[in-house]
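Work through the exercises below with the model open. Try each task before you read its solution.

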Amino acid sequence: MSTKHLKKGDPQPAAAEGGKLRLYSMAFCPYAHRARLALQVKGAPFDIVNINLLEKPEWLTAVHPQGKVPALDAGDGRIVVESLDIADFLDGKFPEPPLWPADEDTKARHKKLIDDFGKVAKIFYEAVYGKEKRPLGDYLEDIVAALQPFEDELVAGGNLFFGGSCPGMLDYMIWPWAERAKVPSIINKQEMNFPKDKFPKLLAWREAMKEDGAVKAQAVDTETHARFSRAYVDGTLDYDNV
Ligand SMILES: N[C@@H](CCC(=O)N[C@@H](CS)C(=O)NCC(=O)O)C(=O)O
């Protein structure tokens, strides 16, 4: 996959024209993926500036104080950082389709689930990039425990998606890791046998999510994700050609 990522020495591109939104992103960052999904589902015109995170452009900290991605330039002088805050900001700016559930209790539960999903993201990161590798079965055990509340929420909701009949905030905020689910097995060349019988609802959710328009528009295939992760681990990463 060929995607230009700006790096040290590259000038910052001029602001997007006509107050258009701009996302500072990196093609394989799961947090930037969250922001791209939110932009896509809202149908807001936006452009993307991809950043080489190994050789960051000098101006990146003026955009994001921690020199990270994603960062959204709202086109009106405001810059929003943190993937969930970006999605939340977009949900406020573009009410249709609403991403959060209308019911306040459900919204609070979904916010907590998004927060708790951090555990899954952390285990995933360790299984792919961790220096001291444990057998994949150990990571799997932790992931299974961390995912149980998500299966329970789908059972309780009685719908295909957390958001109801179509995906909502919780669906989109966890999808980037579902898209990358096979990467730990590929990178470690070990099977990770997900206990399908324990998670019938989550597995149906994953299949349904693959057919969603925003998910499809922002999709990257598993092999490409795995090539990125392998090159990152091996120290051979060329952001522009993965
Ligand atoms: N909590 C942040 C996490 C963002 C993040 O960790 N981004 C990574 C790329 S996937 C990054 O910019 N890393 C560069 C660095 O830490 O120097 C969010 O949700 O937006």
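A polar contact is a pair of N or O atoms within 3.5 Å. The model is predicted.

**Exercise 1.** Find which side chains and which backbone atom make polar contacts with the ligand.

*Solution.*
Step 1. Start with Glu82: an N or O atom in its side chain is 2.9 Å from a nitrogen atom of the ligand.
Step 2. Go to Val69. Here a polar backbone atom is 2.9 Å from a ligand nitrogen.
Step 3. Turn to Lys56. An N or O atom of the Lys56 side chain is 2.6 Å from a ligand oxygen.
Step 4. Apply the cut-off of 3.5 Å. The pairs at Glu82, Val69 and Lys56 fall within it.

**Exercise 2.** How much of the ligand's accessible area does the protein cover?

*Solution.*
Step 1. Take the ligand on its own: its accessible area is 510 Å².
Step 2. The protein covers 72% of that area.
Step 3. Locate the site. The ligand takes up the space of the largest pocket.

**Exercise 3.** List the residues around the ligand and sort the shell by class.

*Solution.*
Step 1. Read off the surrounding residues: Cys29, Tyr31, Leu53, Lys56, Lys68, Val69, Pro70, Glu82 and Ser83.
Step 2. Sort them. The shell holds 5 nonpolar, 1 polar and 3 charged residues.

**Exercise 4.** Into which domains is the protein divided, and how many residues does each give to the contact?

*Solution.*
Step 1. Mark the bounds: domain 1 covers 17–98 and domain 2 covers 104–211.
Step 2. Take the centres over C-alpha atoms; 23 Å separate domain 1 from domain 2.
Step 3. Count the contact: 12 residues come from domain 1 and 10 residues from domain 2.

Notes
Residues numbered from 1 in each chain as written. Predicted model: local features only at pLDDT ≥ 70, side-chain atom pairs only at ≥ 80, totals over all residues. Heavy atoms only, no water. Near = heavy atom within 4 Å. Polar contact = N/O pair within 3.5 Å; in protein donor to acceptor, adjacent residues only side chain to side chain. Areas by Shrake-Rupley, 256 points an atom, 1.4 Å probe, with all protein chains shown as cover. 1 Å grid on protein atoms, 1.4 Å probe; cavity = no way out; pocket = protein on both sides within 12 Å on 5 of 7 lines; lining within 4 Å. Sits in = over half its atoms within 2 Å of the grid points. Nonpolar A, V, L, I, M, F, W, Y, C, P; charged D, E, K, R; others polar. Domains from an automatic or database assignment. Contact = heavy atoms within 4.5 Å.
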